[in-house]
Amino acid sequence: MHSDTQIDIVFPCYNAAQWIDHFIEDLSTLDCAWRLVARDDGSADATADVLRKWRDRLGPRMLLVDGEGPSPNLGIIGNYNKVLAATTAPWILTADPDDRWLPNRVALTLGALRAAEAKFGEHTPIAISTDAQVVDHEGRLVAASYWRWTRSGPPARSSTRRTAMESAALGSTMAVNRALLAQALPMPPGAVYQDWWMALVAIAFGQLILLPDITMRYLRHGANATKDPFTSSLSGALGRLVSAPTSARQRVQHVLGQASRQAGAFADIHAARLPADELAALKALARFPQLGPLERRLALVRHGLWFNSSLKNIGLFLLA
């Protein structure tokens with residue numbers, strides 16, 4: 001990567017005042033022409049003030065979207081729509097203020113993105129994502145691999161339907177090109193998480209490239225938008241299944257509800273462009289809340305709607 005590389009780093013924030021300084025200070029080591037595109041989503045803490053302080057300090061290296069007064073709370077998807085739409089660089093990296101990038105984060109993902117554009121063309125939607133470490137609020141290692149911890153690592157065979165059930169792409173490790181944003185934005189209300197939606201666009205219409213490298217420390221602090229994995233250990237998963245079957249079923253139903261809502265939104269927007277079998281699978285997933293237990297299990301098998309690990313698929317089949 002060279003110093004003239006142009007990138008936008010999107011930085012949507014919500015109640016993140018305690019982490020922003022550390023993240024932006026780390027950006028000073030980057031050997032590229034970066035710009036931070038940030039927005040506060042109506043935080044109750046000092047996030048807006050901290051962002052304005054950095055905007056005044058960084059000048060043209062930071063764009064603060066809706067930064068002159070109180071910002072409305074738009075939620076995760078609405079906030080990401082705002083910052084992503086404000087980008088202009090050919091390559092975009094997504095970031096969360098509570099995570100810490102490792103030194104290889106930018107060079108590795110941008111190198112892979114550049115190579116993919118050289119191979120498939122710059123008009124092909126491309127998303128790059130990597131693995132990450134998981135740490136607690138004191139920086140202690142929780143898991144050496146996010147993918148192993150969540151049992152969400154890349155499947156042996158990727159497809160739109162598999163990605164609609166579960167995505168291995170982790171937002172704070174992602175790099176995408178403008179062709180992907182042209183297909184992905186605006187994300188609809190039915191989108192669950194920005195990284196999941198962009199992964200769907202990439203796998204359906206371009207290239208989703210998942211690298212096994214560790215490029216980030218993913219912080220778990222109790223206020224994350226996502227829950228701790230139910231299947232982080234085999235013994236833990238079996239124990240919860242036996243001791244609290246109702247809770248386990250509710251967890252599976254919650255995940256299926258998210259996947260169902262997003263699959264329906266994706267199918268509605270892109271129905272004319274999807275292969276018939278993939279569209280049928282997405283529509284079947286979208287109907288899950290209206291199906292009975294037997295119909296759900298038949299749909300899982302008929303349309304290949306599976307997670308990325310055998311253990312999770314056993315739980316899925318038992319509890320769907």
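Here is a guided tour of this structure, stop by stop, with something to select each time.

**Before you start**

You're looking at a predicted model, in which local features need pLDDT of at least 70, side-chain atom pairs count only at pLDDT 80 or more, and totals for chains, interfaces and linings use all residues. Residues are numbered from 1 along each chain as its sequence is written, and side-chain values use heavy atoms, with hydrogens and water left out.

**Stop 1: the whole chain**

Show the protein chain as a cartoon. Its secondary structure comes to 13 helices and nine strands; these are DSSP runs numbered from the N terminus, with helices being H or I of at least four residues and strands being E of at least two. The radius of gyration is 20 Å, close to the 20 Å that the globule rule gives for 320 residues, so the chain is as compact as a globular protein of that length. (That radius is taken over C-alpha atoms, and the rule is 2.2 Å times the number of residues to the power 0.38.) Along its principal axes, the C-alpha trace spans about 60 × 45 × 35 Å.

Now switch on the surface. About 14,100 Å² of the protein chain is accessible, and 55% of that belongs to carbon and sulfur atoms; the areas come from the Shrake-Rupley method with a 1.4 Å probe, and for residues only the protein chains shown count as cover. Of the 320 residues, 55% are buried. Here buried means under 20% relative accessible area, exposed means over 50%, and partly exposed is in between (1.4 Å probe, protein chains only). Look at contacts too, meaning heavy atoms within 4.5 Å: among those between residues at least 6 apart in sequence, 74% join residues at least 24 apart.

**Stop 2: aromatic pairs**

How many aromatic pairs does a search of the whole structure find? There are six. Rings of Phe, Tyr and Trp (its six-membered ring) pair if their centres lie within 6.5 Å; planes under 30 degrees apart count as stacked, over 60 as edge-to-face and the rest as tilted.

Select F23 and W101. Their ring centres are 5.1 Å apart and their planes are at 80°, so this pair is edge-to-face. F23 sits in helix α1 (residues 17-27) and W101 in strand β5 (residues 100-101), 78 residues apart, and the pair links these distant parts of the chain. Both F23 and W101 are buried. Add F11 to your selection: ring pairs link F11, F23 and W101 into a cluster.

Next, pick W197 and F266. Here the centres are 5.2 Å apart with planes at 75°, so this pair is edge-to-face. W197 belongs to helix α8 (residues 194-205) and F266 to helix α10 (residues 245-270), so the pair ties together parts that are 69 residues apart in sequence. W197 is buried, with a relative accessible area of 1%, and F266 is buried at 0%.

**Stop 3: along α8**

Stay with α8 and colour it. Its end C-alpha atoms are 16 Å apart, which agrees with the 16 Å that its 12 residues should span at 1.5 Å a residue; the expected span is 1.5 Å times one less than the number of residues. The helix is mostly covered, with 10 of its 12 residues buried, including W196, W197 and F205.

**Stop 4: charges over rings**

Keep F205 selected and add R273, which lies over the face of F205 at 3.8 Å from the ring centre. A charge sits over a ring if NZ of Lys or CZ of Arg is within 6 Å of the ring centre and within 35 degrees of the ring normal. Then try R61, which lies over the face of W34 at 4.0 Å from the ring centre.

**Stop 5: backbone oddities**

Most residues other than glycine have a negative phi, and most peptide bonds are trans. Where do you find P186? P186 is in the loop between α7 (178-184) and α8. The peptide bond from L185 to P186 is cis, with omega near -10°.

N15 isn't a glycine, yet its phi is positive, about 50°. Look for N15 in the loop between β1 (6-13) and α1, where it is partly exposed at 27% relative accessibility. D66 also has a positive phi of about 50° without being a glycine. D66 is in the loop between β3 (62-64) and α3 (75-85), and is partly exposed at 34% relative accessibility.

**Last stop: R140**

Finish in the loop between β6 (126-135) and β7 (141-143), where you'll find R140. R140 is partly exposed, with a relative accessible area of 47%. Leaving aside neighbours within four places in sequence, R140 is in contact with V134 and V135.
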